[in-house]
Amino acid sequence: MISTGNSPKILVTGGAGFIGSHTVVSLVEAGFEPVIVDDFSNSERSALDGIRAILGRNVAFYQADCNDAAAMESIFQKEQLSGVIHFAAYKAVGESTREPLKYYRNNLDSLLLLLELMPKYSVPNLVFSSSCTVYGQPEQLPVTEETPRLPAQSPYGNTKAICEDIIRDAVHAQTPLKAIALRYFNPVGAHPSAEIGELPLGVPANLVPFITQTAAGIRSSLTVYGDDYNTPDGTCIRDYIHVMDLAEAHVQALRKLSENTAESLYDVINIGTGRGETVLNIIKTFEQVTGVKLNYSIGPRRPGDVEQVYADVTKANTELEWTASRSLAESLEDAWRWQQKLSVEAKS
Ligand code: NAD
Ligand code: WQD
């Protein structure tokens with residue numbers, strides 16, 4: 001049982017989601033007190049049960065839409081918050097192309113509301129979920145934070161670039177606000193307890209959940225999207241980061257914001273491992289660590305995919321004093337343990 005005491009309260013929007021739920025666990029372990037707000041639009045209540053099982057106690061939770069001004073204001077009134085981590089957003093790239101307004105409405109409005117409420121209730125610190133998608137296909141690798149952002153490939157990607165700019169402008173206008181936008185690379189894995197993990201709705205678009213569902217027999221086979229790229233084995237390269245490493249990066253970002261005595265501050269930091277892995281290497285490593293043979297075939301390229309992207313993590317190492325410590329094998333083992341637990345639950 002981890003006690004609450006007088007820990008600084010952190011509002012975690014989207015805290016029932018994949019990255020949010022893991023960050024809630026890391027926050028408590030680091031001595032913060034999370035207050036979750038989520039509307040379960042892309043998650044399930046069971047995530048809260050998982051968090052409780054890991055921590056041995058409940059975490060404050062509000063079921064609310066982050067765009068509901070009255071609901072959000074009452075949370076700010078009730079809780080003496082010292083910071084916000086804003087995860088809540090829609091994130092499906094394909095859907096954002098079909099329903100762009102839904103994405104602009106949810107992802108932009110929720111941020112704007114927070115930026116209005118934070119100064120009103122003297123909440124100084126914000127950590128925002130951005131994405132490596134803002135880099136598109138960069139000319140130079142690895143990408144640093146100075147690598148120019150390219151025009152977004154999707155409305156989803158555009159919401160991340162616009163949100164970064166909104167936060168930057170709010171800070172430049174001397175709003176009493178200190179903010180760090182973390183640009184995540186490819187989050188994978190699950191908590192090692194298998195109490196929480198990723199819950200993709202329908203057919204997963206992302207590689208690792210597709211792999212684990214194929215291994216579990218939920219999908220009959222995996223298609224590798226193209227093997228004619230200019231990479232060592234012809235398949236795309238990404239920087240896959242364990243979700244617990246990513247969670248801990250949020251804790252460090254909050255610590256750095258609270259230690260900083262400036263009134264206003266805006267920073268952007270890459271969060272990845274610094275290592276690029278091909279799709280075929282992910283498959284091979286998964287087979288090695290789990291002993292499960294994957295049924296896969298090579299298919300055509302997926303439209304919109306970048307050939308390769310991986311992070312320069314120097315800034316995260318120096319400014320956040322954070323580094324990813326978990327291996328790819330560990331990430332895939334944890335993702336598989338989580339999938340096996342889901343499969344057992346589905347049968348019972
Ligand atoms: P997720 O969908 O699992 O979690 C988001 C959570 O926010 C969900 O629980 C959802 O129910 C909630 N939510 C969405 N809109 C809401 C609203 N208006 N009010 C209240 N709750 C709302 O996604 P995730 O993978 O955990 O991603 C978290 C954040 O990180 C998102 O902003 C996403 O864009 C960003 N990100 C994710 C990835 C990735 O590959 N998973 C990569 C880069 C950035
Ligand atoms: C990884 C690699 C695919 C599925 C997406 C979003 C991005 C960011 C992270 C939020 C690619 C290949 C995949 C499959 C495959 N999210 N693949 N077969 O495309 O790097 O990024 O998630 O910000 O915005 O676009 O991740 O997991 O979809 O793909 O071969 O069935 O796996 O081609 O090379 P991606 P992914």
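Ala, Val, Leu, Ile, Met, Phe, Trp, Tyr, Cys and Pro are counted here as nonpolar, Asp, Glu, Lys and Arg as charged, and the others, Gly among them, as polar. With that division in hand, the tour can begin; the model on the screen is a predicted one.

**First stop: ligand 1**

Select ligand 1 and display the residues around it, of which there are 28, the closest being D38, N42, S43, N106 and Y156. Sorted by class, this shell holds 13 nonpolar, 10 polar and 5 charged residues.

Now zoom in on the polar atoms of the ligand. At D38, an N or O atom of the side chain is 2.6 Å from an oxygen atom of ligand 1. Turn next to D65, where an N or O atom of the side chain is found 2.9 Å from a nitrogen atom of ligand 1, and then to C66, which places a backbone N or O atom 2.8 Å from a nitrogen atom of the ligand. If a surface is switched on at this point, keep in mind that ligand 1, taken alone, exposes 820 Å², and that the protein buries 95% of that area.

To see which elements take part, colour helix 1 (18–29), strand 5 (125–131) and helix 6 (155–172), each of which supplies at least two residues of the shell around ligand 1. The largest share of that shell comes from strand 5, which gives 3 residues.

**Second stop: ligand 2**

Select ligand 2 next, and bring up the 19 residues around it, among which S131, Y156, T223, R238 and D305 come nearest. The shell around ligand 2 divides into 11 nonpolar, 5 polar and 3 charged residues.

Keep Y156 selected for a moment, since this residue is listed among the closest to ligand 1 and among the nearest to ligand 2. A polar side-chain atom of Y156 lies 2.6 Å from an oxygen atom of ligand 2. From there, move to L207, where the atom to look for is a backbone N or O atom, 2.8 Å from an oxygen atom of ligand 2, and finish at D305, whose side chain has an N or O atom 2.5 Å from an oxygen atom of the ligand. Ligand 2 exposes 700 Å² when taken alone, and 88% of that is buried by the protein.

Among the elements, helix 7 and strand 8 (222–225) each supply at least two residues of the shell around ligand 2, and strand 8 gives the most, with 4 residues.

**Third stop: the second largest pocket**

Leave the ligands and display the second largest pocket, which holds about 290 Å³ of space. Its lining is made of 18 residues, and those closest to the centre of the pocket are P200, Q213, I218, Q339 and L342. Two elements give two or more residues to this lining, namely helix 7 (207–215) and helix 11 (328–347); helix 7 is thus worth keeping coloured from the previous stop, as it also supplies at least two residues of the shell around ligand 2. The largest share of the pocket lining, 7 residues, comes from helix 11. By class, the lining comprises 9 nonpolar, 6 polar and 3 charged residues.

**Last stop: L280**

Finally, select L280, which lies in helix 9 (residues 279–290). Is L280 buried, partly exposed or exposed? The residue counts as partly exposed, because its relative accessibility is 23%, and the partly exposed class lies between the buried class, under 20%, and the exposed class, over 50%. To close, draw a distance from the C-alpha of L280 to that of G299: the two residues are 19 apart in sequence and 13 Å apart in space.

Conventions. Residues numbered from 1 in each chain as written. Chains lettered and ligands numbered in written order. Predicted model: local features only at pLDDT ≥ 70, side-chain atom pairs only at ≥ 80, totals over all residues. Heavy atoms only, no water. 1 Å grid on protein atoms, 1.4 Å probe; cavity = no way out; pocket = protein on both sides within 12 Å on 5 of 7 lines; lining within 4 Å. Points joined across faces, edges and corners; volume = space filled by probe spheres on them. Near = heavy atom within 4 Å. Polar contact = N/O pair within 3.5 Å; in protein donor to acceptor, adjacent residues only side chain to side chain. Areas by Shrake-Rupley, 256 points an atom, 1.4 Å probe, with all protein chains shown as cover. Buried < 20%, exposed > 50% of the residue type's maximum accessible area, 1.4 Å probe, protein only.
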